Amino acid sequence: MWDLSVPWWELVLRATAVFAFLILLLRVTGKRQIGQLSPMDLVLLLVLSNAVQNAMNAGDNSLTGGLISATVLVTLNWLLNFVTFRSKKLADLVEGRAQLLIHNGVVYDDVLVAAKITRHELNAALRGGGYLSVEDVYTAVLETNGSISFTPRIAKKQEAGGGTSASTSPPV
């Protein structure tokens, strides 16, 4: 139960290599994969975790080996969060940048294609945000966490007669 079948440092190296590979893999596949998990995406993540398990533990099924691997993964995650908090360049590399999808009611189709977001998905996000159409949105931004944030478009007020409306006060 407590006896390791491989040296402890090998578990650390293996967990670090798998962690770095998965961060790179998830970064390359795009923000949408992380922020909007479909049932297929969830199944992929579960199968992916099982696929890399033996690469991390080298067949060591001891409790100690599992605890070492888990500790390394949590520590690496904490370190990566700390370093990306301190370095904007590294944060941009690891997390990416927010992308403008809509500006002043105009959809940037090239950005949608690059982000692998369909018009149907964009329309579903609009409805989820309480908007009926693209024209109701001033900006839509694909955030680094995969969510889409919206800024409402403010309609111009049509003023009658070109002047301001008179205030109504009660008769004296």
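This is a short exchange about how features of a predicted model get their labels.

Biologist: What makes W78 exposed?

Modeller: Its relative accessible area is 55%. Exposed means over 50%, so W78 qualifies.

Biologist: Why is F82 called partly exposed?

Modeller: F82 has a relative accessible area of 38%. The class between buried and exposed runs from 20% to 50%. F82 therefore counts as partly exposed.

Biologist: What makes W78 and F82 a stacked pair?

Modeller: Two values. Their ring centres are 5.5 Å apart, and the planes differ by 10°. Pairing needs centres within 6.5 Å, and stacking needs planes under 30 degrees apart. Both conditions hold, so the pair is stacked.

Biologist: Where do W78 and F82 lie?

Modeller: Both are in helix α4, residues 63-86. They are four residues apart, about one turn of the helix. An α-helix has 3.6 residues a turn, so residues three or four places apart point the same way.

Biologist: Why is the pair of Y131 and F150 called tilted?

Modeller: The centres are 5.4 Å apart and the planes make 50°. Stacked requires under 30 degrees, edge-to-face over 60, and the rest are tilted. An angle of 50° therefore gives tilted.

Biologist: Which parts of the chain does that pair link?

Modeller: Distant ones. Y131 sits in the loop between α7 and β3, F150 in strand β4, 19 residues apart.

Biologist: How do you know whether Y131 and F150 are buried or exposed?

Modeller: Y131 has a relative accessible area of 14%, and F150 has 18%. The cut-off for buried is under 20%. So Y131 is buried, and F150 is too.

Biologist: What about G129, in the loop between α7 and β3? Why is G129 called partly exposed?

Modeller: G129 has 40% relative accessibility. That value falls between the 20% and 50% limits, so partly exposed is the label. G129 and I148 are 19 residues apart in sequence, with 8.8 Å between their C-alpha atoms. G130, just after α7, takes a positive phi of about 90°.

Biologist: Which residues of helix α7 are buried, and how do you know which side they are on?

Modeller: L122, A125 and L126 are the buried residues of α7, residues 119-128. They cover an arc of only 105° around the axis, which puts them on the same side of α7. The face turned away from that side carries exposed H120, R127 and G128.

Biologist: What covers the buried residues of α7?

Modeller: The cover includes β1, β2, α6, β3 and β4.

Biologist: What makes β1 and β3 paired strands?

Modeller: They share four bridges, in the antiparallel sense. Pairing requires at least two bridges, so β1 and β3 pass. In one of the bridges, L100 partners V141 of β3.

Biologist: How many bridges join β1 and β2?

Modeller: Two, also antiparallel. The minimum is two, so these strands count as paired. I102 has V107 as its bridge partner in β2. The strands form a hairpin with two residues between them, and N104 in the turn has a positive phi of about 55°.

Biologist: Which residues have the most contacts inside the largest nonpolar core?

Modeller: L101, I102, I117, L122, L126, I148 and F150, in a core of 17 residues. The elements giving two or more residues to this core are β1, α6, α7, β3 and β4. Another core, of 12 residues, lies apart from it, with A15, F19, V52 and M56 among its members.

Methods: Residues numbered from 1 in each chain as written. Predicted model: local features only at pLDDT ≥ 70, side-chain atom pairs only at ≥ 80, totals over all residues. Heavy atoms only, no water. Buried < 20%, exposed > 50% of the residue type's maximum accessible area, 1.4 Å probe, protein only. Arc of directions from axis to C-beta. Contact = heavy atoms within 4.5 Å. Phe/Tyr/Trp six-rings, centres within 6.5 Å; stacked < 30°, edge-to-face > 60°. Core = buried A, V, L, I, M, F, W, Y, C linked by side-chain atoms within 4.5 Å.
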